[in-house]
Amino acid sequence: MNKRILTVDDSASMRQMLNFTLTSAGYDVTEAVDGVDALEKLNGEPVNMLIADINMPNMDGIELIRKVRANAVYKFVPIIILTTESQSTLKGEGKAAGATGWIVKPFTPSQLIAVVKKVLG
Amino acid sequence: MNLKVDDSKKEGVLTIGGTLTIQRSTALKEILLKALGQVDCVKIHFDQAIEVDLAFLQLFCAAHKTSLRKNKKLQIEENQIDVLKKAFKDIGFPQFMKCKNSDDSNHCVWSSGGSHE
Amino acid sequence: MTEDLNKGRDIFKEEAYELLAKLENCLLELEMVPDDKEMIERAFRAMHTIKGSSSMFGFDAIANLTHEAETVYEMVRKDKVKVTKELIDLTFRVIDQIMAVIGKHEYDESADESKINDIIFSFKQLLSKEGLEVSHPSSLRSRSPQERELSRSSHFAEQDLAEETKSTKRTYMIYFRPHHDIFLKGLNPLLLLSELCQLGRCTIITHTDLIPDLEDIDPEACYTYWDVFLTTAEDINAIRDIFIFVEDNCEIKINVIDTGNSLDNEEAHKHLSNIIFEKAELTEKDVEGLITGWRNTGKHNEVKNNSTGDSLQDKLQQGGGMVRGHQMEVSSIRVAANKLDKLVNLVGELVTVQARLSQAVITRNDPEMLLIAEEIERLTDDLRDSTMNVRLVPIGTIFNRFKRLVRDLSNELGKEVEFTTRGGETELDKNVIEKLNDPLVHIIRNSIDHGIEPPANREASGKSRRGMVHLSSEYSGANVLIKIRDDGAGIDLKEIRKDAIEKGLIREDTSLTERDILSIIFSPGFSTSEKVTKVSGRGVGLDVVKRCIDTLRGTVDIDSKKGRGMIITLKIPLTLAIIEGLLLKVGDNQYILPLSAVEECIELTRQDVAGAHGRHIVNVRGRIIPYIRLRDFLNIDGTMPDIEQIVITEVNGKKVGLAVDHVIGEHQTVIKSLGRIYRDVDVLSGATILGNGKVAIILNIPKIVEYTESKEMTMVSGSA
């Protein structure tokens, strides 16, 4: 059974890139457009990993992580946040909220896979 | 998860399988405690392919320690080692990982899956 | 792969285009309320997203630009930099350059590296002027795993070169002890260890002494820790990289215990681990002993191949068909416009066939078939409405573009203009909206250039300094009314008349109503501008507008008071493809009039005709209305029926009748173009296929009236 990854980003091109790269690497991908959408898509169902943007409308990545971690189902799920290099403080905030790691935008498909392998195997 | 105790009340077979990861570690701890409390020799049987993680290994290691202290036995059934090995392989368990306290028997989870060919 | 990349790039372009439009709006809002937090946040987010995606799809120039802009806006968010006109102008230039790069520019701006560098420089200057440190992009970067990943792979390349001359491998001893709560961060230490193994020869010793008894263990905590011996050609940073996510969640020590190749064999590693097993600690002496023991064996084991065979690239090549996820959980989808056009065409065909079916069924008088035909008619109607609805887009999408236009123009002309819009949610067919862009640009340019006076002049004539241009749209039956209103100088009727006479458009003695004079400004070759400016009056006048609106089967109406301003009203049919028509018969031919233009139908008897004494007029409830006999207009032979019918319509505010043989009734009309040969015959606006398979011509009432009037005028003036 393939591992399922939920990607959360308000940018369609970013979602496309994530989806394409992860699917090609053999993961199943579910897409969400923001934090609120992500929680709806999760709906308490198990997922193997989360990749979430920080800057999003409605509910941002930090709040999403807090909400997700608060649910016992996702206590140990790896969560990777997407940041840009100008947001170094957000990494700390993200980690404090319960993020596992981060990927700095922009990134290449192989960089993405390297990070996913690091936390998901 | 199922514990079957034979009539002599000496030996029990603990059948587990599927995802044996941190999500289920609390339940796993309880059934291991129960097994070691009831019988002298606990044999582990995997009823299906298993998925393991570090939490499982630690738990098993703890159970093993406890069994030694209580003069009891905790064993993985002889023909089940391959199931564990496969699970180790699936999670990319480092091949050359050894436990310092390992007695090099099949009963140490660290060495049973990792270092053997 | 390239195909997918291209697809990705296309999506990026579309997205960037939308984001830039949003950004543009934010900037315009900020220009008025510079400290609007919400707008700053939105602007920041738009740039942030563009930046993130752009370099992934190979648009490095865009990434560089947005990086600078984002940096400044980050400062703005933190209240360290204020929103100034300078910043907004600069950001507009960013937008223009990005538009140029993604090939969506409306103005004639081309992507230009020097311009981009110029903008980047200006951003840096802006920050330094604010007394803020000009941060070099790289200094902003903190450690990111993949950057190191990159440095690592380039390191690989260097290593390959060095391999031939001498390969030096170091042996590291790594102590790795995760904190108890590491699992709660979603971290898996085993994965990190296996990653470590991929760097070279690796021996891992697991310490389990801290694992408590089963009774005491917290099943969700980590108790295990490790010592690792790693012999690798990689430097220490490559090792640190592996632990980058856990740095704050573990204790880690990395020591080099040997810098030669001496320990790169299995026996050496075995000995090392034995020493740990026995003494739990490794001293320098131990290592030294080992090294001298193994130094001269000369055994160089093969380097472990680190390249993983299942890289993304490989997978992509293997599974070419594996494109995109199968889960499309999105609430809206993008559809190429031509697919929609095809759908509309198909629905059009269906409507035609359905009409034929209904007619055929009526002649057979089969009740069961009649029922089915009615059902199909209902479904076809629904399908038609839904399909048309899919093509509807709010006109606000183009309204927003004009804000930018007004801003740029008024700056350029030194005028102060407040631009307001209303009714942006009014929906029109996508094709119609696209075609409306140019005429509206033209009208707005005209309003600002010729209508709105310079601030000083306005004040002198008792007006407010700021001129007003208001753009609104609203539904009006099957039409949408788009009004462009300004409070500028308005139109001087005498000037126009004088001009028109000079240009030979009218004769000196022609008597014209106010409306007629105003409509002259839409004539070809008429331009009121005294001097040719860059903005408007390039020789092309408002006649271009008229022509554009004509192709949309719409009308242009103008109203103006000298010194008070001007209102131009565009009346546009909701959709282009299917209209409600009125089916008429003249001789053996059938014709369609757009139902929206029809007011009523009355009968015309022989007595009426005789009572008019040869003039084509009819008395409708006391009002005298002129009419045009289509039979004459279209040169159709044959005998007229005793009682004709007149369809009363309104053209340019005047009632005009069209006399026909019979009015058959309403008809769902799918408009087909007549082809290029008839392109210049403007009295015909298209054709449709009737239920019986015959063709009916769609008539353009305003053109017929216009044509007839001009013919009569020449006759009158010719006889004078």
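Is B:Phe56 buried or exposed? With a relative accessibility of 2%, B:Phe56 counts as buried. That is a good place to begin a walk through this structure, which is a predicted model.

**A ring pair inside one helix**

B:Phe56 has an aromatic partner, B:Phe60, and the two rings are tilted, with 5.5 Å from centre to centre and 40° between the planes. Both residues belong to helix H2 of chain B, and because they are four residues apart there, about one helical turn separates them. B:Phe60 is buried too, its relative accessible area being 3%.

**Where chain B meets chain C**

Helix H2 of chain B also turns up at the contact with chain C, so let us look there next. On the chain B side 31 residues take part, and they touch 33 residues of chain C. Together the two chains bury about 2,700 Å², and carbon and sulfur atoms account for 62% of that area.

Charged and polar links are found here as well. Three salt bridges are counted between chain B and chain C. One of the contacts that can be named is the salt bridge of B:Arg69 with C:Glu215, whose closest N and O atoms lie 3.5 Å apart. Eleven residue pairs are in polar contact across this interface.

Which elements of chain B give two or more residues to the side that touches chain C? They are helix H1 (25–38), helix H2 (54–69) and strand E5 (97–99). Of these, H2(B) gives the most, with eleven residues. Sorted by kind, the residues on this side of chain B comprise 18 nonpolar, six polar and seven charged ones.

**A ring pair between two chains**

Over all chains, the count of aromatic pairs comes to seven. One of them is formed by A:Trp102 and C:Phe245, which meet edge-to-face at 5.1 Å centre to centre, with 65° between their planes. Why does this pair join two chains? A:Trp102 sits in strand E5 (residues 101–105) of chain A, while C:Phe245 sits in the loop of chain C between helix H9 (236–242) and strand E4 (250–258), so the partners come from two chains. A:Trp102 is buried at 8% relative accessible area, and C:Phe245 is buried at 2% relative accessibility.

The two pairs described so far can be set side by side:

| Aromatic pair | Arrangement | Centre to centre | Angle between planes |
|---|---|---|---|
| A:Trp102 and C:Phe245 | edge-to-face | 5.1 Å | 65° |
| B:Phe56 and B:Phe60 | tilted | 5.5 Å | 40° |

**A look at chain C**

Chain C also has a cluster of rings, in which ring pairs link C:Phe176, C:Trp226 and C:Phe243. The chain as a whole has 23 helices and 21 strands. It consists of 720 residues, and 46% of them count as buried. Among contacts in chain C with a separation of 6 or more, 70% come from residues 24 or more positions apart.

**A proline in chain A**

Where in chain A is A:Pro78 found? This residue is in the loop between helix H3 (61–70) and strand E4 (79–84). A:Pro78 is buried, with 7% relative accessible area. Leaving aside neighbours within four places in sequence, its contacts include A:Asn48, A:Met49, A:Leu50 and A:Val119, and also C:Gly186 of chain C. A:Gly98 lies 20 residues from A:Pro78 in sequence, and their C-alpha atoms are 9.1 Å apart in space.

Terms used: Residues are numbered from 1 along each chain as its sequence is written. Chains are lettered from A and ligands numbered from 1 in the order in which they are written. This is a predicted model: local features need pLDDT of at least 70, side-chain atom pairs count only at pLDDT 80 or more; totals for chains, interfaces and linings use all residues. Side-chain values use heavy atoms; hydrogens and water are left out. Contact means heavy atoms within 4.5 Å. Buried area is the accessible area (1.4 Å probe) that two parts lose on being put together, summed over both. A salt bridge is a side-chain nitrogen of Lys or Arg within 4 Å of a carboxyl oxygen of Asp or Glu. A polar contact is a pair of N or O atoms within 3.5 Å; within protein, one must be able to donate a hydrogen and the other to accept it, and residues adjacent in sequence count only if both atoms are side-chain atoms. Ala, Val, Leu, Ile, Met, Phe, Trp, Tyr, Cys and Pro count as nonpolar, Asp, Glu, Lys and Arg as charged, and the others, Gly among them, as polar. Rings of Phe, Tyr and Trp (its six-membered ring) pair if their centres lie within 6.5 Å; planes under 30 degrees apart count as stacked, over 60 as edge-to-face and the rest as tilted. Buried means under 20% relative accessible area, exposed over 50%, partly exposed in between (1.4 Å probe, protein chains only).
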